[in-house]
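Here are some short exercises to work through with the model open beside you. Try each task on your own before you read its solution.

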Amino acid sequence: MAENRKLEVWQRGPIEHIPDLLQPVAHALLQANEEVQRIMEGFPDDLLWEKQYGVASVGFHLNHLTGVLDRLMTYADRKQLSENQFLFLKAEGNPENLPIKAAPLVQAFDQKVQEALEYLQTTSTDDLTAFRGVGRAQLPSTKLGLLFHAAEHAQRHLGQLLVTVRVITAENYHP
């Protein structure tokens, strides 16, 4: 099993109970989750909200990973965002400068990935190309488009998180 962990998630084979068509989404989310856990191990809390060179903070990326996954899954499920989701969106960058620590943000993303996997396990693949409206403007997408974007967006912010952690901690980081 330790040898299997060295492989990327997609190289380890199918994720049990996830429909074949949704395996890439599950693989990407699990990969992002594993890398967030690894990248954030030992990250100093006092640097969590640092903004260097005008880029978003590590804390923002962690919050955004969780928030965007939650929002995209909501839209994929044909629902509109709740008031709590809007509040979370507004607070992703910690504008009130609360003493938020890294570990709870990493745990929140892990929990959201687990919820997303549960959604993928129970979702039908019969309507993957069915219209899904995004936001108040009901911008056009599909169920599959939203699920793909959730995975792709997680990977995008994972990359930004990795670079930001490296710059902020000034470590020679080699993933």
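Axes here are lines fitted to C-alpha atoms, for helices over the stretch in contact, and the angles between N-to-C directions run from 0 to 180 degrees. Keep in mind that this is a predicted model.

**Exercise 1. Helix packing**

Task: work out how helix 2 is oriented relative to helix 3, and how helix 3 is oriented relative to helix 4.

Solution:
- Step 1. Two packed helices are described by the angle between their axes and the distance between the axes.
- Step 2. Start with helix 2 (residues 23–40), whose axis comes within 12 Å of that of helix 3 and crosses it at roughly 160°.
- Step 3. Angles over 145 degrees count as roughly antiparallel, so helix 2 is roughly antiparallel to helix 3. The crossing between helix 2 and helix 3 is left-handed.
- Step 4. Now take helix 3 (residues 58–76) with helix 4 (residues 83–91): their axes lie 10 Å apart, at an angle of about 150°. Helix 3 is therefore roughly antiparallel to helix 4. Here, too, the crossing is left-handed.

**Exercise 2. A salt bridge between a loop and a helix**

Task: find the salt-bridge partner of R12 and say which parts of the chain the pair ties together.

Solution:
- Step 1. Side chains of opposite charge can pair when their charged atoms come close.
- Step 2. The partner of R12 is E34, with the closest N and O atoms 2.7 Å apart.
- Step 3. R12 sits in the loop between helix 1 (2–6) and helix 2, while E34 belongs to helix 2, so the pair ties together parts that are 22 residues apart in sequence.
- Step 4. Check the exposure of each partner: R12 has 22% relative accessibility and counts as partly exposed, and E34, with 26%, is partly exposed.

**Exercise 3. Salt bridges within a helix**

Task: look at the pairs E115 with K112 and E152 with R156, and determine how each is spaced along its helix.

Solution:
- Step 1. E115 and K112 form a salt bridge with an N to O distance of 2.7 Å. They are three residues apart in helix 5 (residues 102–122), so about one helical turn separates them.
- Step 2. K112 is buried, because its relative accessible area is 15% and the cut-off for buried is under 20%. E115, at 33%, counts as partly exposed.
- Step 3. Look for further partners: D70, K112 and E115 are linked in a network of salt bridges.
- Step 4. E152 and R156 also meet in a salt bridge, at 2.7 Å from N to O. Both are in helix 6, four residues apart, or about one turn of the helix. E152 has a relative accessible area of 26% and R156 one of 40%.
- Step 5. For the overall tally, the model has nine salt bridges.

**Exercise 4. Loops and surface**

Task: locate the positive phi angles of H17 and R78, then list the residues of the nonpolar surface patch.

Solution:
- Step 1. H17, which is not a glycine, has a positive phi near 75°. H17 lies in the loop between helix 1 and helix 2 and is exposed at 58% relative accessible area.
- Step 2. R78 is not a glycine either, and its phi is about 65°. R78 is in the loop between helix 3 and helix 4 and is exposed, at 56%.
- Step 3. The nonpolar patch is made by Y53, V55, V163 and V167 and covers about 410 Å². Of these, V167 belongs to helix 6 (residues 143–169) and is partly exposed, with a relative accessible area of 35%.

Conventions:
Residues numbered from 1 in each chain as written. Predicted model: local features only at pLDDT ≥ 70, side-chain atom pairs only at ≥ 80, totals over all residues. Heavy atoms only, no water. Patch = residues over 30% accessible without salt bridge, like charges linked within 9 Å, V, L, I, M, F, W, Y side chains within 5 Å. Areas by Shrake-Rupley, 256 points an atom, 1.4 Å probe, with all protein chains shown as cover. Salt bridge = Lys/Arg side-chain N within 4 Å of Asp/Glu carboxyl O. Helix = DSSP H or I, 4+ residues; strand = E, 2+ residues; numbered from the N terminus. Buried < 20%, exposed > 50% of the residue type's maximum accessible area, 1.4 Å probe, protein only. Parallel < 35°, antiparallel > 145°, perpendicular 65-115°, else oblique. Left-handed = near helix turned anticlockwise from the far one by under 90°.
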